[in-house]
Amino acid sequence: MHVEEGFRTNDLYCIVSEFCPNGSLADLWKKHYKNKTYIPKELAWQILTQIIQAFTVIHGQKFVHLDMKPENIFLGEGDQIKIGDFGQSKELRPEVTRTFAETGTLLYLCPECLEGRGLSPRSDIYGIGICMHEILTKSLPFDTKEKLNIGDLIRRQKLQNKIDTNIYGEEMHNLVKSMINLNDRKRPTLIELLDHPEIKKRISQESFNELKLSIQNLMQMQENKNIIVADVISLEPIAPFPLAQPQFIQQVQQKQLLIQSPVALLPQTPLQRENSPPPYKQSSSSSSSSSSSSSSSSSSTITTQMSSQSHSHITAPYLFDSGGEGKLYIAMLQVPEQRNQKMTFTFNPIVDLKEYSQHAQLSVMFKGKPKESYRIIGIVDAASELTNGFFPGVDEKSIGYNGLNGRIYKDYLGENKIDTFDNNDTVTLDAYIPAKPNLDNKEKEEQREQDEEQQNKSILTFSVNGKLQDIYVVNIPPVFRFSVTRFFAGSSVEILELSVKRSDEVPDLSGKQGINW
């Protein structure tokens, strides 16, 4: 939709868009409902084709709309489709293809948003599909009388009506059904939709030529299937590990802490194998990423380059598998073969305080050979500057749970011990974050103290194979990311669950020991 002008009045930013004389798709289906007629089949295909063309451009520019509904799809002269209302849209960073936000209209929210799994370009595919379902059935997708249960209706996909195949055919019915699949990874991509026979034949060669650049951008985005990794920090063993330095080990042993830390047991010389590539070059350039196909069709090699103000980071390639049908994980991150290096991954989303209580969870399973024991899982303050060789628990702004000795680390020190965990064990971190305290316009100091006490109830628990551990952490940072660290060539970590959900639940911690962050 063309923007005529923009201006600010008081605290509001206003945008004046072009006038669409034929209203929106909502107006269109309501007119047919009133007249007891249906939108013609050919017009339905033309509408869907134009929407797909429009979103090819939108997604090709690395934007997601995130508020698709018939009221935001307008009809210009000659029923030309215009996409409007980008107030909820998000720009995706080059190295991340999924965003986490509270956005959109409840009736049209995609399942992955409700389940805290983040939003991606495929969330807009769901939005397009649910819009098409609405205009073809001439009814809202879900029963609005059940306002308190709309989220449940969406998750179970209890649609009010079905598309009449006698009017629109099986082709349209099946295509829309695929677009609103509850599993976002099973929805068709825009590239696949553009290649659909009914869509392709309705796009002129001239229009295809105009879409070429956007299609190229989409294809590059599809090559990078990484949807959850925020940063990758690696420590190349071409020099001794910081924690393996003799003076550090002596210092730690004097404190009688960390004596059994696996870091101190790591070799102080490179573990180069035959035919291993040369050491990576150090870089201080800004964040970027690229990807190239591996031997597996479901995985790719991601190369991420990071920088900090005072440290150079080593370029860190790793293998990424986005999971899929028949796989229990939603992502698998693997240290490349022939490359012994410690790799730390921090994940999206950033968990922060909201006006409501939340439950954030990371559940993983480490994979590797029996002696490949370097396994750490934790959280890191999102404001922390991650330096070369970082792992959760190495500084005062992170905390890590070490699988080898069961110790919980913070600022290098591991005073508290719980169960160890091995490869193939399921390890889960659960963070319970209370609602953001309202510190504005307080009339009583007592109320302020109660709010501060409530904030201190942010807790982090640890579980191994479903067993809640005896120690939990209190007063965790209000803004953080989950993080894992893996070591040894070919070893990996499978992400089984990564979510942030609205929830007032708090586990029973009777008999457990709380330690302060």
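**Ser483 and the aromatic pairs**

Reader: What does Ser483 touch, and what makes these residues count as contacts?

Author: Not counting residues up to four places away in sequence, Ser483 touches Thr344, Phe345, Thr346, Phe347, Leu362, Ile376, Ile377, Gly378, Ile379, Val380, Phe390 and Pro392. They count because contact means heavy atoms within 4.5 Å. The model is predicted: local features need pLDDT of at least 70 and side-chain atom pairs pLDDT 80 or more, while totals for chains, interfaces and linings use all residues. Numbering runs from 1 along each chain as its sequence is written, and side-chain values use heavy atoms, with hydrogens and water left out.

Reader: Why is Ser483 called buried or exposed?

Author: The relative accessible area of Ser483 is 0%. Buried means under 20%, exposed over 50% and partly exposed in between, with a 1.4 Å probe and protein chains only, so Ser483 is buried.

Reader: Why is the pair of Tyr401 and Phe421 called edge-to-face?

Author: By the ring rule, the count comes to six aromatic pairs. In the pair of Tyr401 and Phe421, the ring centres are 4.9 Å apart and the planes stand at 75°. Rings of Phe, Tyr and Trp (its six-membered ring) pair if their centres lie within 6.5 Å; planes under 30 degrees apart are stacked, over 60 edge-to-face and the rest tilted. The pair is therefore edge-to-face.

Reader: What makes Lys138 a charge over the ring of Tyr38?

Author: The charged end of Lys138 is 3.9 Å from the centre of that ring. The rule asks for NZ of Lys or CZ of Arg within 6 Å of the ring centre and within 35 degrees of the ring normal, and Lys138 sits over Tyr38.
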